[in-house]
Structure formats: C-alpha cells, structure tokens
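Good morning, everyone, and thank you for making the time. Today I would like to walk you slowly through one binding site, and I ask you to keep the picture in view while I talk.

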Amino acid sequence: MQKAYGAAKPKKRFLILVNPNGGTGHAARVFKYASEPLLRAANCSLNVVETTHRYHAQEIGAEIPMDKYDAIMCCSGDGIPHEVINGMASRPEDGAQLLQSVAICQLPCGSGNSLSWSLNGTSSASIATLKMIKGRAIPVDYMAVTQGDKRVVSFLSQAWGLVADLDLGTEHLRWMGGARFTVGAIARIINRKAYPCEIAVKVHTRDVRELSKHYQKYIVDRVDPLSSEEIAKLDPNVFASLKYGSVNDPIPSDWEVSTSKEMANFYTGKMPWVSADSLAFPAAIPHDGLIDVMTWDGKVGRSDAVNLLVASETGRHIDLPVAGYMKIEAFRITPIGKSDYISIDGESFPIEPYQVEVLPRAGLYLAH
Ligand code: ADP
Ligand code: MG
C-alpha cells in the first residue's frame, strides 16, 4: 500500500531551524553530529539558521520564498514547528499555498518531540534524519484557535488543566528532559488540583474503539494515499474563513454545553504521540477533519490517576472509566476562576476563553 502521496523526492532542499533553547539545549550539537553528515551524504541542500529569540522562527516563516525549499526541519521541540507554521500561515496572499507545498518535519531536540514520535516513531536524531531523507509529504489538518481578537494555528494540541501545567509549569525542570512531565504529573496528582471550566463541543463520535485498536501504529500507517485529483483540490483558501466563526460569536445551537467544576484535564489534539511516553490520542488521524479529546475527571483518586498516567504510555487510558475520549469537530473552553496556564502546542497563552476548529489538509509533514 502506498502510505503517503507523491514520490519521495531525492536530494531534498532543507531549511534547518536550530533552537538552542529546546529540550536540554543540545540541538546544535545533535544536528551537527547526528544529522548533518547523513543529509550531506544524501546530497540534500541545507540552509541552517539558529534561532536567537522567541518568535524568531515565526519571523522566518513569514519570509520563506515560495519554491525554494522542499522541507523545513525543526531541530527543536514542538515550539519551532508551531512558530514557523504560524509565520507561514500569516501570509495573506500565499500562506496556504506555501504550507501545502513545503513539508514540516522535526529533528527531535526538545522535551516533547511529538512530531518525530508520531510521524517517524523515534526520538533518535539519526533515525529521524534517515526517515526525513526518504520521507514523502503527507497531508495534515491544522487547527485554528481564536482567543480574544487573536487567531493562531495549532498543529499539535491545546491543553486546559493538568497537561497545560505540565507543559508550562515545569520549565524549572527543563534539565531533566522529557522526565520533567512525569515528575510534574506526580506532584500535581498528589495535590488533586481541579480546573473548573465551561465546555462547548461539536461532537462527532464517542465510539473510538475501532480507531484506537492499533494503539502502537504511527500516523503514517493511518494515512490513505491522496489521488492527484484530491491533491489538486487542496483548498488554497483554507485559512480565509472559519466555519464556526470565533470565540466572540454565539455558541452554535448544535454544540453540547456543560459546566465542569471538577475537570482535571481537557486535552485536545491531532498527533497520537505527545511525548516519548504518552500516546495521549490513540485514535488520532492526521487528516480526518476531526480533533481528538481526552478528559480526566477531577474526582479521580490518586491510585486511579497513577493508573491513568501509566496507561497513557500505551494509549490504554481510553479504556479506563475515569477517562473520557471523543472525536469532535470544534469546541470552546471558558475557564472559570483562576489557573496558571493554557498551553497551545506547548507554548503559553493567556487564561481566556478559546475556540478551536479544524483547518482540513492545511499543511504537509514529511513521514516515512
Ligand atoms: P521544548 O520541547 O523543550 O519546549 P521548543 O522547541 O518547544 O523546546 O522551544 C521552547 C521555546 O524556545 C520556544 O518558545 C521558542 O520560541 C524558544 N526559543 C527559540 N529560540 C530561542 C533562543 N535563542 N533563546 C531562547 N528561547 C528560544
Ligand atoms: Mg515546547
């Protein structure tokens, strides 16, 4: 079976973005020793840029020439893909066209590395590089997030509650690498913190048994090939208007609205793996036009919470009664009271209501 569309392009032209702040801070060295020699041996062309500040990758994305690169390799965690995608999407004339012709990929150098795990099943930089050299471009949905009067593109996840705290409240543990998420989770489980909120969702299905039975499969196994007619039909106006409007519009009448005083975790995303040891969204498919949601009940006891954490390493948390899972088309979260963090793709956002909907097949990733 052809697993992606288009032939794997030889001698790819890469823009390489190196984040010296990603993960434990070794991105430049990892690229130089584990990746660059392989790329050069494969006759790829490389333009290497080290990011010097937050939002630098966004500025770069806004200026990338059309037709110059086949792929953008982010030597980072998930922050640099988030920024570069947003920079590209910000171009009113040709943002969608650019995102539908240049594939995003990740050399795993961050704390999370969701892209590398989900697309290529590895956090080894050398194996990831070989897969990017051989990789084909696969179509993927992004998500539009509106908050206040702002709009951003999210490729990975939005988190309210426990996971947001883990993404952003464990910066002081950065030296631990990915272990900072586990240590943070245990500390918060002991505190049994709740994150009250109002939730409005456009539900698609709660029946995910069939979709999630191949827990360990990576997303490249879930992508049907696109025909050339489908490729031609990729929507060049995908960013132009939102189906459900913004967070400032009334909630559509067919959305389910509820208030949860005991929400521990309202975690939404498009990538199955969110870090090396968390298959948070085992039913996620990259271009099904849907967002996967995982919820934890705040009343869950400590031993159940530890079970949830352990089960999420293999995606089996969705079988536990204290966890909820569904596929939705869109949602809005309105925080009630105080919380410290909202995390979008692992980046910090204000504690204000946010609304999310799918941008179908808005971008490309390299996968093998
Ligand atoms: P991690 O997975 O460890 O969070 P990321 O790649 O997500 O790694 O990067 C974390 C943050 O580093 C992002 O917000 C990004 O904007 C920021 N960043 C990028 N370049 C620099 C730099 N030179 N100095 C400080 N921060 C930077
Ligand atoms: Mg990050």
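Let me begin with Glu 83, where a nitrogen or oxygen atom of the side chain lies 2.4 Å from an oxygen atom of ligand 1; please keep in mind that this is a predicted model, so that every distance I quote is computed from it. A second glutamate, Glu 347, also takes part, with a polar side-chain atom placed 2.8 Å from an oxygen atom of the ligand. With Gly 77, by contrast, it is a backbone N or O atom that is found 2.7 Å from an oxygen atom of ligand 1.

How much of the accessible area of ligand 1 does the protein cover? On its own the ligand has 580 Å² of accessible area, and the protein covers 83% of that.

Stepping back to the wider surroundings, ligand 1 sits in the largest pocket, and 22 residues surround it, with Gly 23, Gly 77, Gly 79, Glu 83 and Arg 174 being the closest. Sorted by character, this shell holds 13 polar, 6 charged and 3 nonpolar residues. Helix α3, which spans residues 79-89, gives the largest share of the shell, namely 3 residues.

Finally, why do we say that the ligand lies between two domains? Domain 1 (13-142) and domain 2 (150-216 + 247-359) both contribute residues to the shell, and therefore ligand 1 lies between them.

Terms used: Residues are numbered from 1 along each chain as its sequence is written. Chains are lettered from A and ligands numbered from 1 in the order in which they are written. This is a predicted model: local features need pLDDT of at least 70, side-chain atom pairs count only at pLDDT 80 or more; totals for chains, interfaces and linings use all residues. Side-chain values use heavy atoms; hydrogens and water are left out. A residue is near a molecule or strand if one of its heavy atoms lies within 4 Å of it. A polar contact is a pair of N or O atoms within 3.5 Å; within protein, one must be able to donate a hydrogen and the other to accept it, and residues adjacent in sequence count only if both atoms are side-chain atoms. Accessible areas come from the Shrake-Rupley method with a 1.4 Å probe; for residues, only the protein chains shown count as cover. On a 1 Å grid over the protein atoms alone, a cavity is a set of points where a 1.4 Å probe fits but cannot get out, and a pocket is an open set with protein on both sides within 12 Å along at least five of seven lines; lining residues have an atom within 4 Å of a point. A molecule sits in a cavity or pocket if more than half of its atoms lie within 2 Å of its grid points. Helices (H or I, at least four residues) and strands (E, at least two) are DSSP runs, numbered from the N terminus. Ala, Val, Leu, Ile, Met, Phe, Trp, Tyr, Cys and Pro count as nonpolar, Asp, Glu, Lys and Arg as charged, and the others, Gly among them, as polar. Domain bounds come from an automatic or database domain assignment.
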